[in-house]
Structures are given as structure tokens and as C-alpha cells.
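I'm keeping short notes as I click through this one. Each entry says what I looked up and what I found.

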Amino acid sequence: MAEGAERIDEFMNEAKVFFLATVDGDKPKNRPLGFHLLKDGKIYFGVGNFKDVYKQMQENPYVEIVALVETDFLRYYGKAVFEETYDFADAIVAGSDFLKTIYNDETGFKLAIFHLEEATAEIRDVTGKINESYNF
């Protein structure tokens, strides 16, 4: 698992920005994200627990992440599993001046950290051909 996670982390670092797709009722929703962290063979992501994206993921935890690097793209999809406590998120926020402006005692907002399980990652070329595939 770690080898695949390292490759996906590398691809996402190259892309810099990636898109998270959720479902709102019966309609798809996408938004750009930039935060991810490879730790202990898992790739972690964060969303605000006050945002619609968090509520959508609570209703339907199956999501897809897409990133583009030149003519190759990543599709990483599976079930979002949130950390049960905010300890990990608080440590991440503490290390980022930008995140501290959003997630603090004054706003009351919390960063919810998740990773994907029951997941597949595919790196495809512009024709749709799968060049690499990993299961987590």
C-alpha cells in the first residue's frame, strides 16, 4: 500500500491543486483542494466541518479526487473515513499560519481529516488508457 500511496502523493504534489467530487442529494459537486499529507502509508485530506462538503461526505462517504499533470490525470476514489478526534487536525493547523486564520477558537471551525478506504487510484493518459493502478 505504501508504494502506491507514495506514487499518488508524488502525483498530487506535482499537480498542486486537485478536485474533490461529492454528491449533494442527487447532484454532483466538485471543489478544488490543495491540502494532502502522506503519513504512515495513507494519504490524508482535510475539509472544514462547517462546510457543505463535510455534510455531503457524512451523507454519502464515497468520493472521487481528480488531479491533472500535463496530459496525465489521476482518479482516486473510495470511501472517506474521518479521524474520530481532532488531535491530528489540530497539529496540522498549528503548523500552518494560513490554516490558523480559519480554524481557531474565535471562529469555532474545525478541520476534519479523512483518508480513503475501499479505494482505487488510477493514473491515465489523455486517451483514457490506465498506465498505473493501485488498490488501497
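**Entry 1: F82**

I started with F82, which counts as buried because its relative accessibility is 18% and buried means under 20%. F82 sits in strand 6. I then asked which residues F82 touches, leaving out those up to four places away in sequence. My list reads V47, Y54, M57, Q58, A112, I113 and F114. I also checked F82 against A67: they are 15 residues apart in sequence, and their C-alpha atoms are 21 Å apart in space.

A reminder to myself: this is a predicted model, and what I write down here is computed from it.

**Entry 2: the whole protein**

I zoomed out and counted four helices and eight strands. In what order do they come along the sequence? I read off α-β-β-β-β-α-β-β-α-α-β-β. The radius of gyration is 15 Å, close to the 14 Å that the globule rule gives for 136 residues, so the protein is as compact as a globular protein of that length.

I looked up the box next: along the principal axes, the C-alpha atoms fill roughly 50 × 35 × 25 Å. Of the 136 residues, 42% count as buried. The protein exposes about 7,800 Å², and carbon and sulfur atoms supply 50% of that area.

I also wanted to know about contacts between parts of the chain that are apart in sequence. Taking contacts between residues at least 6 apart, I found that 62% join residues at least 24 apart.

**Entry 3: A15 and its partners**

A15 is in helix 1, which covers residues 2–15. Is A15 buried or exposed? Its relative accessibility is 17%, and the limit for buried is under 20%, so A15 counts as buried.

What does A15 touch, once residues up to four places away in sequence are left out? I noted A67, L68 and V69. A67 is 52 residues from A15 along the chain, yet their C-alpha atoms are separated by 6.1 Å. I had already met A67 in my first entry, where its C-alpha was 21 Å from that of F82, with the two positions 15 residues apart in sequence. I'm writing both pairs down together as a reminder to look up spacing in sequence and spacing in space separately.

**Entry 4: G46**

G46 is found in strand 4. G46 is buried, with a relative accessible area of 11%. Leaving out residues up to four places away in sequence, G46 touches L33, F35, L111, A112, I113 and F114. I recognised A112, I113 and F114, since F82 touches them as well. For L33 I also looked up the C-alpha separation from G46, which is 8.6 Å, with the two 13 residues apart along the chain.

**Entry 5: the largest pocket**

G46 turned up again when I opened the largest pocket: L33, G46, K51, L99 and Y103 lie nearest its centre. The lining has 15 residues in total, and about 260 Å³ of space lies in this pocket.

Which elements supply at least two residues each to the lining? I wrote down strand 2 (27–33), strand 4 (42–48) and helix 4 (97–102). By type, the lining residues divide into 10 nonpolar, three polar and two charged.

**Entry 6: loops**

I finished with three loop residues. D40 lies in the loop between strand 3 (36–39) and strand 4. D40 is exposed, with a relative accessible area of 69%. Its phi is near 55°, a positive value in a residue other than glycine.

E70 has a positive phi too, about 55°, although E70 is not a glycine. E70 is in the loop between strand 5 (62–69) and strand 6 (72–82). At 73% relative accessibility, E70 counts as exposed.

V126 belongs to the loop between strand 7 (111–125) and strand 8 (130–135). Is V126 buried or exposed? Its relative accessibility is 65%, and exposed means over 50%, so V126 counts as exposed. How far is V126 from D72, C-alpha to C-alpha? I got 5.9 Å, with the two positions 54 residues apart along the chain.

Key: Residues numbered from 1 in each chain as written. Predicted model: local features only at pLDDT ≥ 70, side-chain atom pairs only at ≥ 80, totals over all residues. Heavy atoms only, no water. 1 Å grid on protein atoms, 1.4 Å probe; cavity = no way out; pocket = protein on both sides within 12 Å on 5 of 7 lines; lining within 4 Å. Points joined across faces, edges and corners; volume = space filled by probe spheres on them. Nonpolar A, V, L, I, M, F, W, Y, C, P; charged D, E, K, R; others polar. Rg over C-alpha atoms; globule rule 2.2 N^0.38 Å. Buried < 20%, exposed > 50% of the residue type's maximum accessible area, 1.4 Å probe, protein only. Contact = heavy atoms within 4.5 Å. Areas by Shrake-Rupley, 256 points an atom, 1.4 Å probe, with all protein chains shown as cover.
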